[in-house]
Every structure is written in structure tokens, then in C-alpha cells.
Amino acid sequence: MVLLLLEHIVQLFLCLVLGWVLIRVGLLKPTDSRVLSVVCLYLVIPCIIVGAFQIDSTPELLQGLALSLGTAIGIHVLFFVFTALLRRPLHLTPVEQASVIYSNCGNLIIPLVTAILGPQWVVFSSMYQLVQQFPLWSHCRILLSGDRTISLKKIFLNVNILSVFAGVLLFALNISLPAVIEGTMDSMAAMVGPMSMIVAGMLMGDQDILAVLRIRSIWKVAFLRLIALPLTVLCILKFSGLAALAPDGESILLISLLAASAPAASNVTQIAQVYGHEGDYASAINAITTLLCIGTMPLMVFLYQL
């Protein structure tokens, strides 16, 4: 599985390079990536999430969903505690704190899970994404904006949250979508990996990568996001006995580990840009952690499967 994961990560990385090339040769501008971002966010990912819940309800599946949801909550609590303890000793800025806590668990993990385990497993990755959306649009926004009011509208009207609610509703009512709609959604879902990485490459197109690599604080954040926290999660998942709580528990926990090992969330960059709080730095962290995850994510899977 490690080699298969590495192969698909490399494929996604090549898509990132293609997006970067489009910018460097002058065919497009980095701001043009917004069009693809809108298509990905409002069409492709919702199709994946809703489609993932188009499965028959079984006691085994419900056990797996409960395990996935509980694990996601536990991981986020761990990340909050970990960051709170290290914030002062490591002099972590708000952008750095947010980049350590929140991972790119949607755009990157969904295509990887689909390719490695199959589309029927995406439903478990949706649990991690569901848990992350609530603190992302409350805690992260407060952290980067300084505005301590919580916007319930942005949380509950977030397209990913709405997609999960729609999928859960169809699942609970045992409603199957017509074959033509489900086929269309599957076709849309196939685009998520390449499209997400092309957008990431376009956003990196106007950055001086060598200059970014010389920013010492980025390496601190990258180590925490890609090595320290994932290793802590790995040890807990591997030796806690949680896998015995549900059928296929090891695979479900592997999906949680992949989500926890992903690069810094692209949403952090978007929120930082909106509130004028080190948007360029957040983008640089996202770019470097995306590049480095080519090696760190297969490493985590290898250690998990030892």
C-alpha cells in the first residue's frame, strides 16, 4: 500500500507542477485559480461527499462511522492541546498555530482514499472533514481576525457541511439517487485530485520557492504538521487497541492517520488573506508542506503498517 500511496501522491504532485507551469509560462495568472477553486469547492467535493453516503446501512458500517467520528474528535483535541502547550516555547504566531492544527483533509485525502481503498471508503474521510469544519470557521477565524464573534452561518452554511448533512439524510432515509445522477456525481468526483493540485500549483506559481525555503520558521511548522503530530497520532492509533472497536478498524484508522498527516489546510490561507493576516506566509506554509508530504505521508503509512 505504501508504494501505491507514493505512486498516487507523485501523480498528484505532477498535476501540481502542471498548474505551476501554466503560471510560469504566462498562460494564466495565479488569480485565475479562483475559477477552478469554485468548481472544486461547490461542485466536485460535494458530489464526492454525497456520493460516499450512497451505501446500504449496516451495523458494521455504523460502527465504522462511530469509530471514525470519535477518532477525528480525539485527534483535533490532541492538536489543540499540543499547540497550546508549544505556542509560547516555540513562539508560534497565529498563522503558524492554525497551520499546525488544520490539515488539508479534503482536497488531498479524498482522492488518495478513493484511489487506494476505493470510493466506498470516502465516507470515513468525510467524518474528519466534518469535525474540522466547526473549529475552522470559529477558532481559526477568531485566531486570524481577532474578532471573537462566532459565525454560525459560516459554519452551518459551509458547502462541505451541507453536503455531509445531505448525504447523512439520504443515508438515514435509505434514499438512493437515480443511476444517471449517481453516474454524473462519480464523473465529477474523478476530477478532485488533479483539479485540487492544479489549483495549488497555480497558487505557487508566483512564489519564489528558493526564497520560501530560506524562511526558517516554515521548517518549524512543517516539522510539527508533518512529523511530530502525525507520529503522536500514529502511536495512539497503533497501540491503543481502537482498531478492534469496528470491523475493518485498521483501515478506518489509517484514513484518520492520512487526514492527520496531510499538509496545512488551504482554508487557512484563504481565511488569512480575507482578514489581511500574513496571507502570503500562510500560502508559503501550504506550498512547502504540500511538497514535503510526498515523503512524509508514505512514511507514516509505512510505520503504521509495520
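Trainee: How many salt bridges does the structure hold?

Mentor: This is a predicted model, and the structure holds one salt bridge. As a general idea, side chains of opposite charge can pair when their charged atoms come close. Here E96 pairs with K220, and the closest N and O atoms are 3.6 Å apart.

Trainee: Which parts does the pair of E96 and K220 tie together?

Mentor: E96 lies in helix α4 (residues 94-101) and K220 in helix α12 (residues 216-239), so the bridge ties together parts that are 124 residues apart in sequence.

Trainee: Is E96 buried or exposed?

Mentor: E96 is buried, with a relative accessible area of 3%. Its partner K220 is partly exposed, with a relative accessible area of 24%. The reading rests on cut-offs: a residue is called buried under 20% relative accessible area and exposed over 50%, with partly exposed in between.

Trainee: I should like to turn to the pockets. What is the volume of the largest pocket?

Mentor: The volume of the largest pocket is about 1400 Å³. Its lining is made of 49 residues, and those nearest the centre are S37, S266, N267, Q270 and Q273. Two or more lining residues come from each of α2 (33-52), α6 (122-145), α8 (159-172), α10 (192-204), α14 (266-274) and α15 (279-305).

Trainee: Which element gives the largest share of the lining of the largest pocket?

Mentor: That element is α2, which gives eight residues. By class, the lining of the largest pocket has 23 nonpolar, 22 polar and four charged residues.

Trainee: How much space lies in the second largest pocket?

Mentor: The second largest pocket holds about 470 Å³ of space. It is lined by 26 residues, with T114, P119, V122, A189 and A190 closest to its centre. At least two lining residues are supplied by each of α1, α2, α5 (109-116), α9 (179-189) and α10. The largest share, five residues, comes from α5.

Trainee: How do the residues of the lining of the second largest pocket divide by class?

Mentor: They divide into 17 nonpolar, seven polar and two charged. One of the residues closest to the centre of this pocket, A189, has its place in helix α9. A189 counts as partly exposed, at 22% relative accessibility.

Trainee: How many cavities of 30 Å³ or more does the structure hold?

Mentor: There is one cavity of 30 Å³ or more, and about 60 Å³ of space lies in the largest cavity. The residues that line the largest cavity are I9, L12, F13, L16, L108, M197, T290, C293 and I294. Helices α1 and α15 each supply at least two of these lining residues, and the largest share, four residues, comes from α1. By class, the lining has eight nonpolar residues, one polar residue and no charged residues.

Trainee: Which residues form a nonpolar patch on the surface?

Mentor: The patch is formed by W20, V21, V25, L27 and L28, which together have about 430 Å² of accessible area. Within this patch, W20 has its place in helix α1 (residues 2-24). W20 counts as partly exposed, at 32% relative accessibility.

Trainee: How far apart in space are Y102 and A260?

Mentor: Separation in sequence and separation in space should be read side by side. Y102 and A260 are 158 residues apart in sequence and 8.5 Å apart in space, C-alpha to C-alpha. Y102 lies in the loop between α4 and α5, and Y102 is buried, with a relative accessible area of 0%. For another pair, A189 and L234, the separation is 45 residues in sequence and 29 Å in space, C-alpha to C-alpha.

Trainee: My last topic is the backbone. What is the phi of H91?

Mentor: The general idea is that most residues other than glycine have a negative phi. H91 is not a glycine, yet its phi is positive, at about 55°. This residue lies in the loop between α3 (59-86) and α4. H91 counts as exposed, at 65% relative accessibility.

Trainee: Where is N174 found?

Mentor: N174 is found in the loop between α8 and α9. N174 also has a positive phi of about 55° without being a glycine. It is exposed, with a relative accessible area of 57%.

Note on methods: Residues numbered from 1 in each chain as written. Predicted model: local features only at pLDDT ≥ 70, side-chain atom pairs only at ≥ 80, totals over all residues. Heavy atoms only, no water. Patch = residues over 30% accessible without salt bridge, like charges linked within 9 Å, V, L, I, M, F, W, Y side chains within 5 Å. Areas by Shrake-Rupley, 256 points an atom, 1.4 Å probe, with all protein chains shown as cover. Salt bridge = Lys/Arg side-chain N within 4 Å of Asp/Glu carboxyl O. Buried < 20%, exposed > 50% of the residue type's maximum accessible area, 1.4 Å probe, protein only. 1 Å grid on protein atoms, 1.4 Å probe; cavity = no way out; pocket = protein on both sides within 12 Å on 5 of 7 lines; lining within 4 Å. Points joined across faces, edges and corners; volume = space filled by probe spheres on them. Nonpolar A, V, L, I, M, F, W, Y, C, P; charged D, E, K, R; others polar.
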